[in-house]
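Subject: Structure handover

Hi,

Here is the structure I promised to pass on to you. My notes on what turned up in it follow below.

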Amino acid sequence: MSSTQIRAWSPEAVPAVARCGRCRRALTGALYEVRAREGRLARCLRCALIYGSLVRRSLAIAFVVGTLLTAINQGNVILRDDASLALAWKIPLTYAVPYCVATAGAILNARSKQVLLASHPEHSEGSSAPVGILHPLQNDNR
Ligand SMILES: [Zn+2]
């Protein structure tokens, strides 16, 4: 008798897998909610990190906070016109840090454990909701 067994395929044997609404990758780990006009959309981490609204917000925060921190930390050097080559890496890092912090905060806040009922074939029949739109659990009070 062979140690390799071939199992017959059946819909019950295949677990329903939630998929990213953008790249269609299976969301086996965490999924991330992004807000859009259609509702809350499910994304994988990579697609959430490049989501336009999140990137624009993080860039705006980085511009404001980076400019303030540059003025506080390097303002005297810049005003004296005594800028050294060290500022070439200090100033970009001063803008990069608030961008990373804002993005990390948004991503951690967008992390969700909600189920994607619309992406499960057995729940999407008769539903007009597009695949990837989040449906809250019954006891979810948000
Ligand atoms: Zn994705």
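Let me start with one residue: A60 is exposed because just 12 other C-beta atoms lie within 10 Å. In this scheme a residue counts as buried if 20 or more other C-beta atoms lie within 10 Å of its own, as exposed if 12 or fewer do, and as partly exposed in between, with C-beta atoms placed from the backbone. A60 belongs to helix α2, and its C-alpha atom is 9.7 Å from that of A102, although 42 residues separate A60 and A102 along the chain.

Before you go further, please note that this is a predicted model: local features need pLDDT of at least 70, side-chain atom pairs count only at pLDDT 80 or more, and totals for chains, interfaces and linings use all residues. Residues are numbered from 1 along each chain as its sequence is written.

Overall picture

The protein has four helices and three strands, arranged along the sequence as β-β-α-α-α-β-α. Both kinds of element are DSSP runs numbered from the N terminus (helices: H or I, at least four residues; strands: E, at least two). Of the 142 residues, 18% are buried. Taking contacts with a separation of 6 or more, 51% come from residues 24 or more positions apart; a contact here means C-beta atoms, placed from the backbone, within 7 Å.

The helix pair

Helix α2 (residues 52-79) packs on helix α3 (residues 87-110) at an angle of about 140°, and their axes are 8 Å apart. The axes are lines fitted to C-alpha atoms, for helices over the stretch in contact, and angles run from 0 to 180 degrees between N-to-C directions. The residues of this contact comprise 14 nonpolar, seven polar and two charged ones. For that tally, Ala, Val, Leu, Ile, Met, Phe, Trp, Tyr, Cys and Pro are nonpolar, Asp, Glu, Lys and Arg are charged, and the others, Gly among them, are polar.

The sheet

The three strands make an open sheet in the order β2-β1-β3, with antiparallel pairing. Strands β2 and β3 (111-112) are its edges, each pairing on one side only. Two strands are taken to pair if DSSP finds at least two bridges between them. Five bridges join β1 to β2, and these two strands form a hairpin with two residues between them. Within that pairing, V34 has L41 of β2 as its bridge partner, while Y32 stands opposite R43 in β2. On the other side, β1 and β3 pair over two bridges, with L31 opposite S112 in β3.

The core

Which residues touch the most other members of the largest nonpolar core? They are L27, L31, A42 and A48, in a core of 13 residues. Such a core is a set of buried Ala, Val, Leu, Ile, Met, Phe, Trp, Tyr and Cys residues joined through C-beta atoms within 7 Å. The elements giving two or more residues to this core are β1 (31-36), β2 (39-43) and α3. Apart from neighbours within four places in sequence, L31 is in contact with A18, A42 and S112.

A last residue to set against A60 is L41, in strand β2. L41 is buried because 23 other C-beta atoms lie within 10 Å. Its C-alpha atom is 9.1 Å from that of R22, and L41 and R22 are 19 residues apart in sequence.

Happy browsing, and best wishes!

Note on methods: Contact = placed C-beta atoms within 7 Å.
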